[in-house]
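Me: Got a model here and I'd like to check what its labels rest on. Mind if I fire off some questions?
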Amino acid sequence: MNSENSQGRSPRALSPLLLAALTALFLLMFANVSLWRGTLHGLGHDLPGLVVLAIALFLLLTGLIHLLLWRWTAKPVVIFLLLVAAPLAYFMDTYGTYIDTGMVRNAVETDTREVLGLMSWQLLAYFALIGVIPSLLVAWLPLKVSSWPRMALAKLLVFPACLLLSVGLIWSDYQQLSSFGRNNRPLRYLINPVMPLYYTYRYFREQQLANMPMQPLGRDARKGPRLDGAKQGTLVVMVVGETARAADFSLNGYQRDTNPQLARRDVINYPQASSCGTETAVSLPCMFSVYDRDNYDHQKAVHTENLLDVLKHAGITVAWRDNNSGDKGVADRVDYQELWDQKVPGICNGDRCFDDILLHNLQAYLDKHVGQDVFLVLHQEGSHGPSYYLRYPQEFARFKPECKTKKLDQCSHQEIINAYDNTILYTDHVLARVIDLLKQNQSQFNTAMLYMSDHGESTGEGGMYLHGMPYMIAPQTQKHIPYILWLSPAYRQAMSVNESCLRQRSDQPVSQDNLFSTVLGMFDIQTTVYRQNMDFIQPCRGD
């Protein structure tokens, strides 16, 4: 007699339906704590509504899982769901993470350093208790098996029954639950692991378009009369910040003096600036793309030439120096230098470098390009969490006590803020060094600096940490970014820019949508893809 039949008669053997129900119950109880926390907050004291919603979700999840449980797939499917749900539960519970397509893209496109930065014993505990141990139990328990026709018939009966019952339950309290659903739409991102798997599917569906041909952009670009008539080359350095939020910049009114050096360097600060996305994988391609946030599509953007390409078409020397996890495809066709793995004493330690590495040997690079027009991008490590304390040298640990662990739940809110503010203080130092370098090169170039962060950060406000929430529900701390401009006197004269006008207009709202045309305008590039109304410097240029 074969083992399957003996298993089928074992008193301990589980039917596929019972296995599906137990799996659904386990996942809802232990892998969806954040979902129930948010639901309790949204429903208030409506205990009947909570019970109805919980039973309805249990029925739906049971029906969905049962559809996947066939003779040879049952145990692998359940084990897969458990192992996937476990780490997702950790990030949802610990950092308030919401999973959508953008977050999936951010996770897939991250690098080993970022992954290691998120590892912790608590994560391993979640993985063991919610994933590994239940998976071993599922692998050990015998499973009842039936013929294919009987299994197919069971699928045809169980899922519709579960669906009808759940719909009926929700309909019984429709007025209350429909209002709850409309007012708490973000909670759908927390249904673990159903929604994360759905958005993962959507992400990989998008990747099927990855072989689309690159669409040309701005091939008609050429230097305008101001740039051509300049007595020396023009050098614009753009510093792309990482995870810096405007709220913690003293230039924007923050009570702590986090920008002591920039405050002494005549920068023009834009306090009402917003990002295109809430994670690097979206914001970085978006900010350099010709598409604004409302029209941005990731696949369309990465298969269309961007700002760097248009500058290159016009004869500008373009280079990208990176101390982060890469350029996300933005700098694929220009000079690219990866610096985070350098071994420079005093700046680098182990597998990481402080952002001062971005200026290491930079003068030598500039000396080689005297007489040229240069656009140089410096991509910071900035304030990347959760290990904020690793982003700055100890001499910048002004705000204490710091959170000196990546496990933010082990630190007080003030300790987290202290460590984060120290990263902003260090960024202030790096930007001041860039400006000083540009001042030293005024006899060789007309110089300017533009700084903006890719997105902001949550540091525990409302129970949220890090970044990457869906844009429509993300808090302002993840979307409100610092935006700073510095122009040398020689640059202002060569490009006929009125500094007083810029300062008067600096309190107007700007966004990463403005970057594309503003940089083209800073180089006086003439092309059909330049939009004058999106160039926030244009109103302050002379005729």
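Me: Why is threonine 243 called buried or exposed?

Reply: Threonine 243 counts as buried because its relative accessibility is 0%, and buried means under 20% relative accessible area, exposed over 50%, partly exposed in between (1.4 Å probe, protein chains only). By the way, this is a predicted model: local features need pLDDT of at least 70, side-chain atom pairs count only at pLDDT 80 or more, while totals for chains, interfaces and linings use all residues. Residues are numbered from 1 along each chain as its sequence is written, and side-chain values use heavy atoms, with hydrogens and water left out.

Me: And what makes the phi of threonine 243 worth a look?

Reply: Phi there is positive, about 60°, although threonine 243 is not a glycine. Most residues other than glycine have a negative phi.

Me: Why does serine 496 count as buried, partly exposed or exposed?

Reply: Serine 496 has 28% relative accessibility, so it counts as partly exposed. Its phi is positive too, near 55°.

Me: What makes helix α6 largely enclosed?

Reply: Six of its eight residues (101–108) are buried, so the rest of the structure largely encloses α6. Helices are DSSP runs (H or I, at least four residues), numbered from the N terminus. Among the buried ones are Met103 and Arg105.

Me: Which peptide bond involving proline 193 is cis?

Reply: The one joining asparagine 192 and proline 193, with omega about 5°. Another cis bond joins lysine 400 and proline 401, where omega is about -5°. Most peptide bonds are trans.

Methods:
Helix = DSSP H or I, 4+ residues; strand = E, 2+ residues; numbered from the N terminus.
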